[in-house]
Amino acid sequence: MESNLNKEIETASQGNEQFPGQVHDLPGGGILISSFNDIINWARSNSLWPLTFATSCCGIEMMSVASSKYDFSRFGFEVARATPRQADVIIIAGTIVNKMAPVLKRLYDQMADPKYVIAMGACAISGGPFFYNTYSVVKGADHVIPVDVYIPGCPPRPEALLHALITLQQKIKSGLTREQIRAEKPQS
């Protein structure tokens, strides 16, 4: 698993991915032949701007993904936003308490379409291993907003977040809608 992820990250960072379509060279220049939907999906997938929603320890792992060691800007996630109106994907990293749930819902509603959600860590997925039976903790982000990609772990490694972001990019490039992404079976 580790070697496959390293190969995937290495391939994505080298820029081996081609622009969708074909370029036909002519004496005065070139002609690009592609479908408009392919170009739109390619552009969307390579310019995902994350909205950070870090409420506990998973936030430290999320911050490390932006550091020089992992550098998620190589993959098209460079512009982390602090406002929902400029973000495409919200990364929920940590525990969601009942008082925070309406705020999360409001942030999600203020994001422009198409918008995507990543739940990072055991607390965001299921309420967490430490607070699961607590009355004040929401039993998962999917009780508040729909989630596209889940990242298990307590806390998950930065490589897991990179893998989730790359997976989300691949789903968007393939032309899947938000409803189709959410309806897919999770990969084991």
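Two residues count as in contact when heavy atoms of theirs lie within 4.5 Å. Keep that in mind for C58, and keep in mind too that this is a predicted model.

With that cut-off, C58 touches A93, G94, M120, G121, P155 and P156, leaving aside residues up to four places away in sequence. So where does C58 itself sit? Look at helix 3, which covers residues 58-65: C58 belongs to it. The cysteine is buried, with a relative accessible area of 4%; the cut-off for that word is under 20%.

C58 also turns up in the annotation. An unreviewed UniProt entry puts the feature "binding site" at C57, C58, C123 and C154. These four span 98 residues in sequence, yet no two of their C-alpha atoms are more than 9.7 Å apart, so they gather at one spot. What do they line there? C57, C58, C123 and C154 are included in the lining of the largest cavity. Bear in mind that UniProt annotations of this kind may be inferred rather than shown by experiment.

Now pick out C123, another of the annotated cysteines. You'll find C123 in helix 5, residues 122-126. Is C123 buried or exposed? At 8% relative accessibility, C123 counts as buried. So C58 at 4% and C123 at 8% both fall under the 20% limit for buried.

Time to move on to the charged side chains. How many salt bridges does the model have? The count comes to 2. One of them joins K105 and D109, with 3.2 Å from N to O. Both residues are in helix 4 (residues 101-110), 4 residues apart, which puts about one helical turn between them. As for their surroundings, K105 is partly exposed at 34% relative accessibility, and D109 is partly exposed as well, at 46%.

Then there's the salt bridge between E159 and R157, at 3.3 Å from N to O. Here the acidic partner is tucked away: E159 has 14% relative accessibility and counts as buried. That sets E159, which is buried, against D109, which is partly exposed.

One last stop is for the rings. The charged end of K115 sits over the ring of Y108, 4.3 Å from its centre. As for rings pairing with rings, the count of aromatic pairs comes to 0.

Note on methods: Residues numbered from 1 in each chain as written. Predicted model: local features only at pLDDT ≥ 70, side-chain atom pairs only at ≥ 80, totals over all residues. Heavy atoms only, no water. Phe/Tyr/Trp six-rings, centres within 6.5 Å; stacked < 30°, edge-to-face > 60°. Lys NZ or Arg CZ within 6 Å of the ring centre and 35° of its normal. 1 Å grid on protein atoms, 1.4 Å probe; cavity = no way out; pocket = protein on both sides within 12 Å on 5 of 7 lines; lining within 4 Å. Helix = DSSP H or I, 4+ residues; strand = E, 2+ residues; numbered from the N terminus. Buried < 20%, exposed > 50% of the residue type's maximum accessible area, 1.4 Å probe, protein only. Salt bridge = Lys/Arg side-chain N within 4 Å of Asp/Glu carboxyl O.
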